[in-house]
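Biologist: Before I plan anything, walk me through this protein. Start with what the chain looks like, then go to single residues.

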Amino acid sequence: MKTTSTAEQLFGNEIMTKAKLTSSRKMDHLRICSQENIETGTTLFDDVHLVHCALPECDMDAIDLSVEFLGKRLGSPLFIAAMTGGHPDTAEVNRVLAAAAEKYWLGIGVGSQRAALEKPELADSFAIVRETAPHAFVCGNLGAVQLAEHGAEWAERAVEMIDADALCIHLNFLQEVIQPEGDRSAVGCLEAIRQCCKDVKFPVIVKETGNGISREVASQLWDAGVAAIDTGGVGGTSWAKIEGIRADERGAAGDKALRELGDSLLTWGIPTALSVFEVAGTRKGPVIATGGLRSGLDIAKGIALGATLGGMALPLLSPALSGEEEMYASVDSIHYQLRAAMFLTGSANISSLQSARTYITGALREMTRE
């Protein structure tokens, strides 16, 4: 009997034809990410070279991948970055991602919970993460604009919805600029983050969504009381490209200017490796390297630059749509690549990898030169 994949269940014939548009923005994003080439720019991780250790003096099979993050011991520095939720049909994707988080003791973030905060009947598509992963480090997700509008009440509701260990406040203003329905005022967002950090008892993480965080903004965030910063730099998923594709699909004349704006901003922002370097230089808490990480080697480079965790979303989406077996195989492959990088730098554990020496070349060298 022919089995039906999660992707086929979600999108049906759209996998082949791409003809029928969904009415949900959440489903638009998930479908476009799974079917289109939506990566732009460069992470600059190619300019980071881990120094080879010809005498590692450690056993690759005995390398310890575990890492401490905000008071919890995780099985590895692989963080399953926020992807989806907010539509009934996304629950299965989140379940598969959560199953991997539970199996490997990983951290995991959910997509923006705004939809479920506005319509509580959508909460199950997020709550399934905690139901499936009772022991994982789970992060809620709320936009900075929504935090500024609704305050700590929404922050607490987002955490309560999924029994989260922490809350990510996402910054996505480039995406908002291109969306016809986007929020284009950032007034009061920093103060809202500061007040939230004072008012709530759980850790607050601030994350970018593809355009990076500079040292100046990182300093502002640490001073506001955030517990961790997620770089979300250039080199991976481009929300400018995604929103441009949505505009093309709508075909409305009024979208032309936004589509052209999206094209002009495809590589806007701070490459991930540079963002990690800058944020780590202001460190008052752990740093998560996200934005275009595609392998265990990328995670190793991010850690050597000063990160604690390395987050991935797009590389895990296709496996998640294919089911648990594919998902587990992908995590195993990433972990094997990370172990190999650690072995070849003589790093028996993550702490040693954080001290591994690097050669910095090319554009990254120029950009980091004071």
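**Questions on a predicted model**

Modeller: Let us begin with one residue. In this predicted model, Trp105 sits in the loop between helix 4 and strand 5 (107-109).

Biologist: Is Trp105 buried or exposed?

Modeller: The cut-off for exposed is over 50% relative accessible area. Trp105 has 59% relative accessibility, so it counts as exposed.

Biologist: What is phi of Trp105?

Modeller: Most residues other than glycine have a negative phi. Trp105 takes a positive value, just after helix 4. Its phi is near 60 degrees.

Biologist: How many of the 14 residues of helix 4 are buried?

Modeller: Helix 4 covers residues 91-104. Its buried residues include Val93, Val96, Leu97 and Tyr104. The helix is largely enclosed by the rest of the structure, because the number of buried residues is ten.

Biologist: How far does helix 4 reach from its first C-alpha to its last?

Modeller: At 1.5 Å a residue, 20 Å is expected for helix 4. The model comes close to that, with a reach of 20 Å.

Biologist: Which loop holds Leu70, and is Leu70 buried or partly exposed?

Modeller: Leu70 lies between strand 2 (67-69) and strand 3 (72-74). Its phi is positive, near 50 degrees. Buried would need under 20% relative accessible area. Leu70 has 27%, so it counts as partly exposed.

Biologist: What is the relative accessible area of Ala247?

Modeller: Ala247 belongs to helix 12 (residues 239-250). Its C-alpha is separated by 26 Å from that of Ser125, 122 residues apart along the chain. Ala247 is buried, and its relative accessible area is 1%.

Biologist: Now the whole chain. What is the radius of gyration of the protein?

Modeller: The secondary structure comes to 19 helices and twelve strands. For 370 residues the globule rule gives 21 Å, and the protein is close to that, so it is as compact as a globular protein of that length. The radius of gyration is 20 Å.

Biologist: What share of contacts between residues at least 6 apart in sequence join residues at least 24 apart?

Modeller: Of the 370 residues, 57% count as buried. Among the contacts you ask about, the share is 77%.

Biologist: How far apart are the mean positions of the positive and negative charges?

Modeller: The protein has 33 positive and 48 negative charges. Its exposed surface is about 15700 Å², with 50% from carbon and sulfur atoms. The mean positions of the two sets of charges are apart by 3 Å.

Technical notes. Residues numbered from 1 in each chain as written. Predicted model: local features only at pLDDT ≥ 70, side-chain atom pairs only at ≥ 80, totals over all residues. Heavy atoms only, no water. Helix = DSSP H or I, 4+ residues; strand = E, 2+ residues; numbered from the N terminus. Rg over C-alpha atoms; globule rule 2.2 N^0.38 Å. Buried < 20%, exposed > 50% of the residue type's maximum accessible area, 1.4 Å probe, protein only. Contact = heavy atoms within 4.5 Å. Areas by Shrake-Rupley, 256 points an atom, 1.4 Å probe, with all protein chains shown as cover. Lys, Arg positive; Asp, Glu negative; His and termini not counted. Charge placed at Lys NZ, Arg CZ, Asp CG, Glu CD. Expected span 1.5 Å × (residues − 1).
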